[in-house]
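I opened my notebook for a quick look at backbone oddities and surface patches. Here is what I looked up, in the order I went.

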Amino acid sequence: MTLNLWKALPSKIKRAMTIVVFFVVSVLITVAGILYPLSDEEVNELGRGLKETQNTVKNLPPAQKVSFIFGNNFMISLAGFVPIIGPIFECYALYSTGVVIAAYSTYEHFQISPLLLFALLFLWPFTWLEFLAYSTAVAESFWLTWRILQRKGKREIKNACMLISICAVMLLVAAIIETALLA
């Protein structure tokens, strides 16, 4: 019954549902990284690294900030589109993001719950756009893999290219918003 319902759905609805599922999975993987217990040494090491990156980015002119943020996020998103390997890389990147959020939440006596800090990030529109782009990449990786297995991979390349372009635009907008709001 469920399989018949899935087959009856239009392709765009299936793709949208797949992206939503991976959005939820992405948030859960990041939360798993947040819950990973860190030693004081790990907190200090990750906190110092994040502070150095923040200071480097802070001193850039706005256009270079946008370029830096966009470039970093777009490379992560692009990797997510690769069949089979992309979702594994994306999971690692999201988990690592959670670990860094956890470290930052207690670094230099900041002392805020890492889960609260993560939830607060969703008050910013760029967070939603970034997670949506990563979720789109992983969802398309699965669609591309499925179509390749069905020997319909060439037709799926068109969708992949379109979604890569959409993710690029989302991540560029996210980088502009992040630069404007956090400058």
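I started with Leu116 and asked how exposed this residue is in the predicted model. Leu116 comes out at 43% relative accessibility, so I noted this leucine as partly exposed, the class between the 20% and 50% cut-offs. I then checked the secondary structure and found Leu116 in helix H6.

Next I wanted to know which residues join Leu116 in a nonpolar surface patch. My list reads Leu116, Leu120, Leu123, Trp124, Leu181 and Leu182, and together they make a patch of about 560 Å². Helix H6 (114–121) and helix H8 are the elements that give two or more residues to this patch.

Then I turned to the backbone and looked up positive phi values outside glycine. Ile84 is one entry: its phi is about 65 degrees, although Ile84 is not a glycine. I located Ile84 in the loop that links helix H4 (62–80) to helix H5 (85–106). Is Ile84 buried or exposed? I wrote down exposed, because its relative accessible area is 59% and the cut-off is over 50%.

Arg151 went on the page as well, with a positive phi of about 65 degrees and, again, no glycine at that position. I found Arg151 in the loop between helix H7 (125–149) and helix H8 (153–182). With a relative accessibility of 79%, Arg151 is over the 50% cut-off, so I filed this arginine as exposed too.

Conventions. Residues are numbered from 1 along each chain as its sequence is written. This is a predicted model: local features need pLDDT of at least 70, side-chain atom pairs count only at pLDDT 80 or more; totals for chains, interfaces and linings use all residues. Side-chain values use heavy atoms; hydrogens and water are left out. Helices (H or I, at least four residues) and strands (E, at least two) are DSSP runs, numbered from the N terminus. Buried means under 20% relative accessible area, exposed over 50%, partly exposed in between (1.4 Å probe, protein chains only). Patches are made of residues with over 30% relative accessible area and no salt bridge: like charges are joined within 9 Å, nonpolar side chains (Val, Leu, Ile, Met, Phe, Trp, Tyr) within 5 Å. Accessible areas come from the Shrake-Rupley method with a 1.4 Å probe; for residues, only the protein chains shown count as cover. A salt bridge is a side-chain nitrogen of Lys or Arg within 4 Å of a carboxyl oxygen of Asp or Glu.
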